[in-house]
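User: I am new to this structure and would like a close look at a single part of it. Please take one loop as the starting point and then place it in the whole.

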Amino acid sequence: MVGLPKTLQDLRRVEGAVRVTCRACKAVKQHDLEELILDRRSRRLSTEWEAVRHTMMCHECGGKDTRVNGVPFSQSDPERRAIRSRALLMNLALAVLDDASRRARDEDVCVPATRLALRVLRPYLPDRELLVTFWTEAATGRGKPYAPTLQAMRWIVTKLVDAGHPVWAEFR
Ligand SMILES: [Zn+2]
């Protein structure tokens, strides 16, 4: 990684987990990165890396004197690497749709980037229905008083989460 991470989300580029080591009782706990992001957001805690480093308590003794590091994924395991690469692709497609959703009321978002994102997501969904809905709402929803594709976007995310796909916290 270039430079130090600013947020937990930055850790996604290279690291898979956050490890908390207690200096007092020596307990070690490894946190899944996405679960930690979700947990901190739901408790309205910062996901800034500096804040995380200084506010993770020991799960055993509750002590505050802890060492917090990002734990790199193993680069040697081709299967895990492929899984991570697919997860990144899926989440980037969601980022494109999320962005399109925010603009769909005011702009034409029926552009190649949106089509590509919908195509990328097809293998992760049981059928193409929601993807077609998203496109149709985007094509017909301009000028409506509400964001036209927002509901389709939510359904897509719900389906992906229900199927166990590693959807990033910000889309949930
Ligand atoms: Zn402890």
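Analyst: Lys26 sits in the loop between β1 (15–22) and β2 (28–32). The model is a predicted one, and every value below is computed from it. The phi angle of Lys26 is near 70 degrees, which is positive although the residue is not glycine. Most residues other than glycine have a negative phi. Lys26 has 10 other C-beta atoms within 10 Å and is therefore exposed, since a residue with 12 or fewer counts as such.

A second loop can be set beside this one. Arg44 lies between α1 (33–42) and α2 (49–55). Its phi is near 55 degrees, again a positive value in a residue other than glycine. Arg44 has 6 C-beta neighbours inside 10 Å, so Arg44 counts as exposed.

Both loops belong to a protein with 6 helices and 3 strands. Along the sequence these elements follow the pattern β-β-α-α-β-α-α-α-α. The C-alpha atoms fill a box of roughly 60 × 40 × 30 Å along the principal axes. Of the 172 residues, 24% count as buried. Among contacts between residues at least 6 apart in sequence, 61% join residues at least 24 apart.

Next comes the interior. The largest nonpolar core has 20 residues, and those touching the most other members are Ala93, Leu97, Ala100, Ala117, Leu121, Phe134 and Ile156. At least two residues of this core come from each of α3 (78–103), α4 (112–121), α5 (129–140) and α6 (150–162). The greatest contribution is that of α3, with 6 residues. Another core, of 11 residues, lies apart from this one and includes Val18, Cys22, Val52 and Cys58.

Leu121 shows how parts of the chain meet in the largest core. Beyond its neighbours within four places in sequence, Leu121 is in contact with Met90, Ala93, Leu131 and Ile156.

Leu121 also takes part in the pairing of two helices. The axes of α4 and α5 come within 10 Å and cross at roughly 165 degrees. An angle over 145 degrees counts as roughly antiparallel, so α4 and α5 are roughly antiparallel to each other. Their crossing is right-handed. On the α4 side the contact is made by Thr114, Leu118 and Leu121, and on the α5 side by Leu131, Phe134, Trp135 and Ala138. By class, this contact has 6 nonpolar residues, 1 polar residue and no charged residues.

Technical notes:
Residues numbered from 1 in each chain as written. Predicted model: local features only at pLDDT ≥ 70, side-chain atom pairs only at ≥ 80, totals over all residues. Core = buried A, V, L, I, M, F, W, Y, C linked by C-beta atoms within 7 Å. Helix = DSSP H or I, 4+ residues; strand = E, 2+ residues; numbered from the N terminus. Contact = placed C-beta atoms within 7 Å. Axes fitted to C-alpha atoms, helices over the stretch in contact; angles between N-to-C directions. Parallel < 35°, antiparallel > 145°, perpendicular 65-115°, else oblique. Left-handed = near helix turned anticlockwise from the far one by under 90°. Nonpolar A, V, L, I, M, F, W, Y, C, P; charged D, E, K, R; others polar.
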